[in-house]
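Welcome, and thanks for opening the viewer. Please load the model below, and then we will walk through it stop by stop.

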Amino acid sequence: GRFTLVNRAMADWSGRTPSELEGKQVIEVDPRSGERPERNDSQGIVSFEEPLLHETSGTKHWFHTAHVPFAVTSDSRRHLLVVRTDVTERKQLEVQFLQAQKMEAVGRLAGGVAHDFNNLLTAVLGSAELLQEDQALNDSAQSDLALIVDAALRARDLTRQLLAFSRQQILELKVLDVNDIVLTGTPRPLSG
C-alpha cells in the first residue's frame, strides 16, 4: 500500500515531487483509493473510470485507472502497477455527442409536428379565405374571418421556422421580385 516509484506526471498531478510521494501510503495521497469498485479481468487487472480534482488548479479531470498486480523475483512483497490515463477530452466529447443527439431528436420531433400542423393550417386558411369571398356575411363576420386569416398566416410563419430548425437551416426571409427572377434567372431583393 505504499508508493515505491512515482513518475513526474503523478507528482505534478498531486502537487508534490516524486521523492515526497515515494514511501507514502497510497491512502495518504489519495483518500478515495479504498472506495473504488473492484472490477477484475482474468489477469487480475482492476480497471475503472472516475472524476478527480486536480490538487493545485482544482479543475475536474476524468481518468481511466488500471491496477496491474506483478511480482518481483528478488522481493517477496506484492507489487501493483497503477496506470492512470486522462480521458477528460473523451468524456467531454461524449457529453457533446449526447447533446447533439438530443438536439437532433428535438429537430426531428419539431419537423414532424410542423408538417402535421402545416396541413391543419392549410385547411383552416383555405376555408377562411373562401368564406371571406362570401358577400352575404356581415362586417362582424368578415372582421372575425380577417383575424382568423391573420392568425393562420402567423402560425404558418412559425411552422416554417420550426421546419428550418428541424433541418438546421438558417432562415432569412426576403421579399423578392418574381418578375426579375423570371426575366434574369437571378433572385434580387426588392428594394424600398
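## The whole chain

Start with a cartoon view of the protein chain, which has six helices and three strands. Bear in mind as you look that this is a predicted model. Follow the chain from the N terminus, and the elements come in the order α-α-α-β-β-β-α-α-α.

Now switch on a surface for the protein chain. The accessible surface is about 14,300 Å², and 57% of that belongs to carbon and sulfur atoms. Of the 192 residues in the protein chain, 19% are buried. If you turn on contacts and keep those between residues at least 6 apart in sequence, 32% of them join residues at least 24 apart.

## Stop one: the start of the chain

Select Arg-8 and Asp-12 and show their side chains. These side chains meet in a salt bridge, with N to O at 3.1 Å. How far apart are Arg-8 and Asp-12 in helix H1? They are four residues apart in helix H1 (residues 8-14), so about one helical turn separates Arg-8 from Asp-12. Arg-8 is partly exposed, with a relative accessible area of 46%, and Asp-12 is partly exposed too, at 43%.

Keep Arg-8 on screen and add Pro-18, which you will find in helix H2 (residues 18-21). Is Pro-18 buried or exposed? Its relative accessibility is 19%, so Pro-18 counts as buried; the cut-off for buried is under 20%. Arg-8 and Pro-18 are ten residues apart along the chain, and their C-alpha atoms are separated by 6.4 Å. Leaving out residues up to four places away in sequence, Pro-18 touches Val-6, Asn-7, Arg-8 and Ala-11.

## Stop two: the strands

Next, select Thr-65 in strand S2 (residues 60-70). Thr-65 has 0% relative accessibility, so this residue counts as buried. Which residues does Thr-65 touch, not counting those up to four places away in sequence? They are Val-46, Ser-47, Phe-48, Glu-50, Val-82, Val-83 and Arg-84. With one of them, Arg-84, Thr-65 makes a polar contact of 3.4 Å between side chains.

Another of the residues that Thr-65 touches is Val-83, so select that one now, in strand S3 (residues 79-86). Val-83 is at 40% relative accessibility and therefore counts as partly exposed. Add Phe-70, Val-72 and Leu-81 to the selection: with Val-83 they form a nonpolar patch on the surface, and together the four have about 300 Å² of accessible area.

## Stop three: the largest nonpolar core

In soluble globular proteins, nonpolar side chains tend to be buried together. To see the largest nonpolar core here, select its seven residues: Leu-121, Leu-125, Ala-128, Leu-145, Val-149, Ala-152 and Ala-155. Helix H4 (88-132) and helix H5 (139-166) each supply at least two residues of this core. Which helix gives the most to it? That is H5, with four residues.

Zoom in on Ala-152. Setting aside its neighbours within four places in sequence, Ala-152 is in contact with Leu-121 and Leu-125. Apart from this core lies another, made of five residues, including Phe-3, Val-6, Ala-11 and Val-29. Val-6 and Ala-11 may look familiar, as both are touched by Pro-18.

## Stop four: charged pairs along the helices

How many salt bridges are there in the count? There are six, and the pair of Arg-8 and Asp-12 was one that you have already seen.

Stay with helix H5 and select Asp-150 and Arg-154, which lie four residues apart, about one turn of the helix. They form a salt bridge whose closest N and O atoms are 3.4 Å apart. Asp-150, at 37% relative accessibility, counts as partly exposed, whereas Arg-154 is exposed, with a relative accessible area of 51%; the cut-off for exposed is over 50%.

Another group to select is Arg-90, Lys-91 and Glu-94, which are joined into one network by salt bridges that share partners. Within this network, Lys-91 and Glu-94 form a salt bridge, and their closest N and O atoms are 4.0 Å apart. Both residues lie in helix H4, three residues apart, about one turn of the helix. Glu-94 is at 35% relative accessibility, so it counts as partly exposed.

Note on methods:
Residues numbered from 1 in each chain as written. Predicted model: local features only at pLDDT ≥ 70, side-chain atom pairs only at ≥ 80, totals over all residues. Heavy atoms only, no water. Core = buried A, V, L, I, M, F, W, Y, C linked by side-chain atoms within 4.5 Å. Buried < 20%, exposed > 50% of the residue type's maximum accessible area, 1.4 Å probe, protein only. Contact = heavy atoms within 4.5 Å. Areas by Shrake-Rupley, 256 points an atom, 1.4 Å probe, with all protein chains shown as cover. Patch = residues over 30% accessible without salt bridge, like charges linked within 9 Å, V, L, I, M, F, W, Y side chains within 5 Å. Polar contact = N/O pair within 3.5 Å; in protein donor to acceptor, adjacent residues only side chain to side chain.
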